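Subject: A structure for you to look at

Hello,

I am passing a structure on to you, and my notes on it follow below. Please open it alongside this email and read the two together.

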Amino acid sequence: MINDDHNQLAHPISDDPKTPLLPVHGEPVLQRKLSFRSSLSSIFTLKNFYILLGPLLSTIVCLFVKLDGPVTSTNMLAILAWVFAWWLTEAVPMPVTSMSPLFLFPLFGISSADHVAHSYMDDVIALVLGSFILVLAVEHYNIHRRLAFNITILFCGDPLNPPLLLLGICATTAFVSMWMHNVAAAVLMMPVATGIIQRLPTGPTQSDVENKFCRAVILGVIYSTAIGGMSTLTGTGVNLILVGMWKKYFPNEEPISFNKWFFFGFPFAFVLFIALWVILCLLYCSRGSGRALSAYLDKSHLRRELELLGPMAFAEKMVLAVFSILIVLWMTKSITDDIPGWGVLFNGRVGDGTVSVMMATLLFIIPNKKEKGEKLMDWNKCKKLPWSLILLLGAGFAIAEGVESSGLANVLSETLDFLERAPYLAIAPAVCLISSIITEFITSNNATTTLVVPLLIQIAKSMHLHPLLLMVPGAIGAQFAFLLPTATPSNVVGFTTGHIEMKDMIKIGLPLKIAGIAALSLLMPTLGAYVFETNKDV
């Protein structure tokens, strides 16, 4: 009894729910145990292992790998192991990993800090900055939606022709994606697509014909976004990375201009676009679909949506004019050897990035005539600029230069001598397929291009081929991420609408991937040889 009273005095019982049940003097010990355990569990995580994996692989390469070349070639291989480990595992954010050459190159004796920093701002990166500012202006003034509705009305048909309407939606998406980044184009066009198919019944009342057409529209937007981006330099970061690496590795060669890429990229994208449309029509648009859909989809609905946007304001017209002038300047800077274009007036000092930034600057000068003193664009509207892509581009250019200057390029070239007798028509499809698989399952198409292209340059040297004969298939192949919803952000945008399933993506993506690889393997040694002049020595 005395003991019980003593215990009650030592540990008085309270009805207050906030009073701890355990002894107060025991809490610090328990907390120390729990905090120690939580500290251990927070340290020994998979993500922290991935963080350590980069330096660990780099150390292993430095200690155990002996290359038949200068010490800097081994050091460069160690840097590649570090950077690629972080890129593939995303142990730290990709933009941060992209900045790592700024400290790794000086520490490993590859090049000076100033020299590395120059890779992070050149004409290609200026092209990205200027283009994206124009894209943000297009977004801000809803020009993309107006364009989409006008073109779709044109293709609607009377009476309704579902394959023709699908062609209009896909063609509009591909056209928009030609001038802006794939993700931006998908985000902008998906509401237009879902707005059109919202007219159809949903749930149990939806017929098989209606369900298939909904799937076709969403799949069409996803894949048209990717295909449209392949046709121009500004359509996707992959094309810009390729052009930048060509410039870094072969500074004495003629750079790949906007119109040179367009003369190859657009015909290829057109062939792939037709293949996409045919596949969608065969699998998702039956013959009697027009009668079933005509009760819900007609021109009057599309016209009502367009009327809600109102008439074009002065600001919209000016943004459209600036964008149109930019495209014309890009296309006419350098045309052919006989017709040199306006770029000859400046003795080759003007690049595509020069024009892009110049036209973007006009947006901050021209008034929008909505409020006094307000311009078409201000810097607050530019907060969505893709700094992650810009840093990734810079890292790719720095790595390309480091591989060359360190002597690693020569070592790789000697290692790949066994490919010298391999036929091109066997290597090109393999390059496309490998690039697309890496993008599909491992990393982004931008990172895949950064990983694969330097290696392809050495393979091309071993085979005594023009480097672009492998660089272009490798880069474009990295954009064939057609099978999985998670392969690219554009796929995610379509998948989250709930209208498609993974089996739909595989059903369309697999034949589309095969068609893309076949078209690229045939067009590159024919049209590509003419456009890129691959018969010349590099």
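One definition first: a residue is buried if its relative accessible area is under 20%, exposed if it is over 50%, and partly exposed in between, using a 1.4 Å probe and protein chains only. Phe480, at 0% relative accessibility, therefore counts as buried.

Some background on the numbers. This is a predicted model, in which local features need pLDDT of at least 70 and side-chain atom pairs count only at pLDDT 80 or more, while totals for chains, interfaces and linings use all residues. Residues are numbered from 1 along each chain as its sequence is written, and side-chain values use heavy atoms, with hydrogens and water left out.

How confident is the model? The score to watch is pLDDT, the predictor's confidence in each residue, from 0 to 100. Its mean over the protein chain is 81, and 88% of the residues reach 70 or more. Please be careful at the start of the chain: pLDDT stays under 50 over residues 1-14, where the model has three contacts beyond four places in sequence. Residues 17-27 are also below 50, with five contacts beyond near neighbours in sequence. A contact here means heavy atoms within 4.5 Å. Among the elements, helix H1 (residues 2-10) has the lowest mean pLDDT, 44, and helix H6 (residues 101-107) the highest, 94. Helices (H or I, at least four residues) and strands (E, at least two) are DSSP runs, numbered from the N terminus.

Now to Phe480 and its partner. Rings of Phe, Tyr and Trp (its six-membered ring) pair if their centres lie within 6.5 Å; planes under 30 degrees apart count as stacked, over 60 as edge-to-face and the rest as tilted. By this rule there are 17 aromatic pairs. In one of them, Phe49 and Tyr50 have ring centres 6.0 Å apart and planes at 50°, so the pair is tilted. Phe49 is partly exposed at 45% relative accessible area, and Tyr50 is partly exposed at 25%. The rings of Phe268 and Phe480 are also tilted, because their planes are at 35°, with centres 6.3 Å apart. Phe268 lies in helix H14 (residues 258-284) and Phe480 in the loop between helix H23 (468-477) and helix H24 (489-495), so this pair ties together parts that are 212 residues apart in sequence. Phe268 is buried, at 0% relative accessibility. Ring pairs also link Phe175, Trp179, Phe258 and Trp330 into a cluster.

Which helix might you look at next? I would suggest H10 (residues 162-179): 14 of its 18 residues are buried, so this helix is largely enclosed by the rest of the structure.

On cysteines, a search of the whole structure finds zero disulfides, a disulfide being a pair of cysteine sulfur atoms within 2.5 Å. The sulfur of Cys285 has its closest cysteine sulfur in Cys281, at 4.9 Å, which is too far for a bond. Cys285 is buried, at 11% relative accessibility.

Finally, two backbone details. Most residues other than glycine have a negative phi. His464, in the loop between helix H22 (445-462) and H23, has a positive phi near 60° and is exposed, with a relative accessible area of 60%. Glu533, in the segment after helix H25 (502-532), also has a positive phi, near 55°, and is partly exposed at 24%.

Best wishes

How values were computed
The expected span of a helix is 1.5 Å times one less than its number of residues.
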